[in-house]
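Here are some notes to read alongside the model, set out as numbered points. I hope they help you find your way around.

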2 protein chains.
Amino acid sequence: MNFTMKEAIEILERTPQTLAFFLSGLSEGWVTCNEGEGTWNASEVIDHLIEGENNNWLPRLAFILQEGEGRPFPRFDRYSHLNQKEERTMEQKLQEFKNVRAQNIAKLKTLIDPAVHLEWTGSHPAFGPVKVRELISTWAVHDLTHIAQIVRVMAERYRTDVGPWVEYLGILKKRS
Amino acid sequence: MNFTMKEAIEILERTPQTLAFFLSGLSEGWVTCNEGEGTWNASEVIDHLIEGENNNWLPRLAFILQEGEGRPFPRFDRYSHLNQKEERTMEQKLQEFKNVRAQNIAKLKTLIDPAVHLEWTGSHPAFGPVKVRELISTWAVHDLTHIAQIVRVMAERYRTDVGPWVEYLGILKKRS
């Protein structure tokens, strides 16, 4: 096991500002490009990250502490942010992600005592028993997967522009 | 074609600051983990990015302007940074990357007039004719590929820690 609360929090506390640096002030083309029909652009990924802060990670941790494996936690709709109607700028979204993440890290530290709760288990509707430390690990890796997604989506925009170098650029290799 | 000088520079000027924020102050475990024998950790990726600033992108652009397709440009050793002996901290490396990138963006703007040079061609030792705009596009996508690499390498560290969620985390899917 590599997980520690402290090191997982290092990732969680860096992601919003990292993405804010990277995505603020970019031209529209970078923010709205995607990988084709049904795929997300950078702006939609930020919506999804905010949605996870509000409805996934902390609520599930609290649910585990309260219910244990007694009841499976409610399903999280990974696509609900796509139904949002309100228009916000990228800057507003990045700021919201920063705020809600900072609040959630503070709550996490209050809620979870690493000396006590890490092995506590809840019941995932699809997987069955899951541990508190697995959920927190996943929260951190979920940040990493979406940072990777954002840069991959942006790279796709220059797929033909790079000419023959496409061969050297791992990020443009199609997964089979 | 999606490439414009202005938008490519948007990526180039954000990468050092983005990585500086993400990687500064991380625990040793995050900075030194890799994907196994012969793979790079985050610190080695920064070395590679600095090496590219010194010996790849700008020198090749200057070479194209001077030589055209007359002579192939010198090969770039993508592994030379692994032979470096001197010890620098992550913070020092990130600062160096910021400095050299800022200098190179300034030089790029002086060297390349988008109204004149983008279609000029040089000769790549492996690919043959390549255009100035393809080289600059590649420079930007090269940043994106290495940001993706850094977060993928870090995610790998928690592969078993995430438990059953491994199934939902795209970044942990092995490429075949």
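**Notes on the predicted two-chain model**

1. Let me begin with the strands of chain B. Strand 1 (residues 121-124) of chain B pairs with strand 2 (residues 128-131) of chain B in the antiparallel sense, over 4 bridges. A hairpin of 3 residues joins strand 1 of chain B to strand 2 of chain B. To check the register, start at Thr121(B), which stands opposite Lys131(B) in strand 2 of chain B. Ser123(B) has Pro129(B) as its bridge partner, again in strand 2 of chain B. Please keep in mind that this is a predicted model.

2. Chain A can be read in the same spirit. Here strand 1 (residues 121-124) of chain A and strand 2 (residues 128-131) of chain A are paired in the antiparallel sense, with 4 bridges. Between these two strands of chain A lie the 3 residues of a hairpin. Thr121(A) faces its partner Lys131(A) in strand 2 of chain A.

3. Where do the strands of chain A fall in the order of its elements? From the N terminus on, chain A runs α-α-α-α-α-β-β-α, so you can place the two strands by eye from that order alone. In total, chain A has 6 helices and 2 strands. Along the principal axes, the C-alpha atoms of chain A fill a box of roughly 55 × 35 × 30 Å.

4. Now to the relation between the copies. Chain A superposes on chain B by a rotation of 180 degrees with 0.0 Å of shift along the axis, at an RMSD of 0.0 Å. The two copies are therefore related as by a two-fold rotation axis. Which residue of chain A comes closest to that rotation axis? It is Ala148(A), with its C-alpha at 2.3 Å. The same surface serves both copies, and 100% of the contact residues of chain A recur in chain B.

5. The contact itself takes 58 residues from chain A and 58 residues from chain B. About 5400 Å² of area is buried between chain A and chain B, and carbon and sulfur atoms give 63% of it.

6. On the polar side, 22 residue pairs are in polar contact across the interface of chain A and chain B, both residues being at pLDDT 80 or more. Helix 1 (5-23) and helix 6 (132-156) of chain A each supply at least two residues of the side of chain A that touches chain B. Which helix of chain A gives the most to that side? Helix 6 of chain A does, with 15 residues. By residue type, the side of chain A that touches chain B divides into 29 nonpolar, 16 polar and 13 charged residues.

7. Salt bridges deserve their own point. The count between chain A and chain B is 2. One pair to look at is Glu7(A) and Arg157(B), whose side chains meet in a salt bridge at 2.8 Å, N to O.

8. Over all chains, the count of salt bridges comes to 26. Among the pairs to inspect are Glu10(A) and Lys6(A), whose side chains meet in a salt bridge at 3.0 Å, N to O. Glu10(A) and Lys6(A) both lie in helix 1 of chain A, where they are 4 residues apart, about one turn of the helix. Helix 1 of chain A is also one of the helices that supply residues to the side of chain A touching chain B.

Note on methods:
Residues are numbered from 1 along each chain as its sequence is written. Chains are lettered from A and ligands numbered from 1 in the order in which they are written. This is a predicted model: local features need pLDDT of at least 70, side-chain atom pairs count only at pLDDT 80 or more; totals for chains, interfaces and linings use all residues. Side-chain values use heavy atoms; hydrogens and water are left out. Contact means heavy atoms within 4.5 Å. Buried area is the accessible area (1.4 Å probe) that two parts lose on being put together, summed over both. A salt bridge is a side-chain nitrogen of Lys or Arg within 4 Å of a carboxyl oxygen of Asp or Glu. A polar contact is a pair of N or O atoms within 3.5 Å; within protein, one must be able to donate a hydrogen and the other to accept it, and residues adjacent in sequence count only if both atoms are side-chain atoms. Ala, Val, Leu, Ile, Met, Phe, Trp, Tyr, Cys and Pro count as nonpolar, Asp, Glu, Lys and Arg as charged, and the others, Gly among them, as polar. Copies are superposed by least squares on the C-alpha atoms of residues with pLDDT of at least 70 in both. Two strands pair if DSSP finds at least two bridges between them.
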